[in-house]
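User: Hi! Could you walk me through this one? I'd like to chat about whatever stands out.

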Amino acid sequence: MTNDTPSEDTTDGFHLLIDALKLNGIDTIFGLPGIPITDLTRMAQAEGMRMISFRHEQHAGNAAAAAGFLTQKPGICLTVSAPGFLNGLTALTNATTNCFPMILISGSSEREIVDLQQGDYEEMDQLAIAKPLCKAAFRVLHAQDIGIGIARAIRSALSGRPGGVYLDLPAKLFAQTMDAAAGKRSLVKVVDPAPRQIPAPDAVQRALDLLKGAKRPLIVLGKGAAYAQADAEIRALIEKSGIPYLPMSMAKGVLPDTHAQSAAATRSYVLAEADVVMLVGARLNWLLSHGKGKTWGGANADTRQFIQIDISPTEMDSNVPIAAPLVGDIGSCVSALVAGLGANWAKPPTDWTNAITERKDKNLAKMAATLALNPVPMNFHSALNVIRNAVKARPDAIVVNEGANTLDFTRSIVDMYEPRKRLDVGTWGIMGIGMGFAVAAAVTTGKPVIAIEGDSAFGFSGMEVETICRYNLPVCVIVFNNNGVYKGTDVNPRGGDVAPTVFVKNARYEMMMQAFGGVGVLAKTPEDLAKALDEAIASGKPTLINAMIDETAGTESGRITSLNPQTAKKK
Ligand code: FYN
Ligand code: ADP
């Protein structure tokens with residue numbers, strides 16, 4: 001093996017990597033060029049791959065993660081060494097936490113110098129750092145191993161519980177050359193990268209027996225249910241069983257939020273009262289109050305029984321005992337349950353379903369009344385009412401959502417109608433996913449994207465509006481501008497600097513989009529917002545709407561105020 005430029009009969013590390021990705025149906029790379037991967041980005045583009053360059057690696061990483069969630073193929077993020085790698089690592093870890101498949105590929109410095117800690121350019125033992133923070137991590141040292149390296153990365157990202165994989169590629173690897181025919185033979189097309197996992201028949205029967213005996217059954221759909229692309233099977237299970245269901249935020253739209261069996265509008269009631277709860281691709285983590293405590297109805301907690309469908313066997317009993325674990329892929333598990341319901345399945349008692357409908361209708365009516373108000377200045381409700389109508393008219397649009405109040409209000413106000421159309425802060429409640437997720441949604445689907453952003457949340461990735469303009473993506477960013485984190489009214493009791501939660505008042509965010517040739521609109525009323533949003537969706541032009549919201553609207557930490565140590569202390 002030499003480091004010569006490849007001739008007709010030879011290939012090199014650059015091309016082997018590109019060919020290995022293409023062979024596995026991966027056609028897009030999200031990344032940021034620089035030493036040692038600049039030429040790789042050029043060559044990938046020249047070889048027909050879509051190369052989406054970002055302004056910061058974290059957003060490229062977030063884009064890769066969202067692409068993974070949407071497509072069931074690992075999203076690829078490509079970065080430079082040490083600092084670029086670290087910038088991408090937050091996204092890789094977030095992807096792993098959320099069970100999204102992605103591969104972070106980073107160039108790295110000379111192994112001999114890094115390992116002897118002799119002070120190389122961007123020296124860092126990246127593999128060691130990545131290992132505890134993702135699902136799997138590999139390094140490739142020889143060009144002939146690139147095919148296997150990519151195969152291992154793809155399998156690790158997709159099989160079982162999906163997650164993030166790190167692939168370390170030292171600079172020297174790219175220029176290594178080898179015989180072209182041997183290079184071609186060294187590549188691997190991964191067969192069946194996410195094998196179905198059929199549940200055991202006795203586990204299916206145990207779950208059915210529990211469901212059959214339930215007086216107040218409930219199904220909770222999590223983002224695993226959205227990821228699984230088992231939409232028809234899930235709908236069949238819910239409709240045939242007649243069991244009410246509750247979607248976690250990224251499972252909204254697996255069935256339309258307007259579905260008669262949705263219990264989303266009476267969440268607290270169903271969680272507290274249900275006697276048998278079936279979790280489908282949802283973990284009993286903080287978002288579900290760990291399956292215990294007041295949320296789960298105190299006394300009822302002693303008698304409640306859980307069924308859990310998950311591809312990861314060790315998820316069972318993570319917080320409370322699981323009476324009927326159903327380990328397998330969601331499509332197979334749900335199909336087995338549907339088959340097992342049989343013709344004589346008795347739907348849940350009507351006193352349970354009627355009680356839910358009654359409470360739900362009351363809450364929906366209350367919400368409708370609030371949405372009909374048109375206060376001046378605009379508040380979260382009147383602005384979100386506009387977006388709610390826009391999504392109803394374009395149910396194929398993808399909603400990206402982050403913030404605190406902006407997140408929490410959007411989740412309950414903006415109904416989703418189709419699966420995998422809502423991308424948000426996920427398991428960690430992370431801020432900064434906005435523009436990366438929006439770019440990925442537009443690039444992978446070509447559908448209109450509406451990014452609903454708190455003004456603080458937007459700040460984490462705001463520079464990527466240039467990326468949105470550069471690739472002319474059909475993304476409409478709506479910044480909910482209430483002058484600060486949570487709201488804009490805090491004051492520093494000592495005078496001087498503004499309070500830590502307060503931003504420049506009445507900031508003109510829309511001018512950021514204008515700076516790069518996109519459309520920027522200042523919206524002070526719901527009418528302004530509706531007009532600008534309609535135009536953005538119709539034209540597909542990159543647009544940023546600066547929605548001015550009453551700075552007194554919103555509460556500290558939105559609906560998770562109880563997690564603030566000070567608030568918790570007072571309780
Ligand atoms: C929901 N609700 C509705 C509707 N949908 N009412 C009327 N109409 C509609 N369409 C009701 C629902 O029954 C609840 O009322 C309430 O609105 C809130 O519903 P939600 O949002 O589903 O439930 P809740 O309690 O907020 O859920 C808990 C949670 C959620 C932890 C899952 O808050 C969450 O996902 N939080 C993520 C927060 C986060 O990550 N933030 C980023 C960091 S911010 P009741 O039934 O009466 O309770 C840093 O500060
Ligand atoms: P949410 O936050 O919406 O409740 P979580 O991220 O907590 O969802 O849970 C998703 C769960 O789905 C994870 O435990 C993961 O193992 C599981 N999962 C992901 N894909 C599949 C699949 N294809 N089949 C079965 N389970 C899956």
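User: Happy to start broad: what radius of gyration does the protein chain have, and what would a compact globule have?

Analyst: The protein chain has 25 Å, and with 571 residues a compact globule would come out near 25 Å, so the two agree. The radius is taken over C-alpha atoms, and the globule rule is 2.2 Å times the number of residues to the power 0.38. One caveat: this is a predicted model, so local features need pLDDT of at least 70 and side-chain atom pairs count only at pLDDT 80 or more, while totals for chains, interfaces and linings use all residues. Residues are numbered from 1 along each chain as its sequence is written, chains are lettered from A and ligands numbered from 1 in the order in which they are written, and side-chain values use heavy atoms, leaving out hydrogens and water.

User: Thanks. What does the C-alpha trace span, and how many helices and strands are there?

Analyst: The trace spans about 75 × 65 × 45 Å along its principal axes. The chain has 23 helices and 19 strands; these are DSSP runs numbered from the N terminus, with helices (H or I) of at least four residues and strands (E) of at least two.

User: On to ligand 1. Which residues come nearest?

Analyst: Ser268, Arg411, Ser412, Tyr486 and Arg559, out of 23 residues around ligand 1. A residue is near if one of its heavy atoms lies within 4 Å.

User: Which polar contacts does Ser268 make with ligand 1?

Analyst: An N or O atom in the Ser268 side chain is 2.4 Å from an oxygen atom of ligand 1. Polar backbone atoms also take part: Ala264 has one 3.2 Å from a ligand 1 oxygen, and Ala265 has one at 3.1 Å. A polar contact here is a pair of N or O atoms within 3.5 Å. The protein covers 79% of the 990 Å² of accessible area that ligand 1 has on its own, using the Shrake-Rupley method with a 1.4 Å probe.

User: Which element gives the largest share of that shell?

Analyst: H17, with four residues. Helix H13 (267-273), helix H15 (350-372) and helix H17 (405-413) each give two or more.

User: Tyr486 came up earlier. What is its phi?

Analyst: Tyr486 has a positive phi of about 70° although it is not a glycine. Tyr486 sits in the loop between strand E17 (475-481) and helix H21 (510-515).

User: And ligand 2, how much of its area does the protein bury?

Analyst: Let me begin with the contacts. Polar side-chain atoms of Arg161 and Arg283 lie 2.8 Å and 2.7 Å from ligand 2 oxygen atoms, and a backbone N or O atom of Lys223 lies 2.6 Å from one. Ligand 2 alone exposes 580 Å², and the protein buries 96% of that. Helix H11 (residues 223-227) gives the most to this shell, with three residues.

User: Cool. Switching again: where are the cis peptide bonds at Pro36 and Pro377?

Analyst: Ile35 to Pro36 is cis with omega near 5°, and Pro36 lies in the loop between E2 and helix H2 (38-46). Val376 and Pro377 are joined by a cis bond with omega about -5°; Pro377 is in the loop between H15 and helix H16 (380-393).

Definitions and conventions
A polar contact is a pair of N or O atoms within 3.5 Å; within protein, one must be able to donate a hydrogen and the other to accept it, and residues adjacent in sequence count only if both atoms are side-chain atoms.
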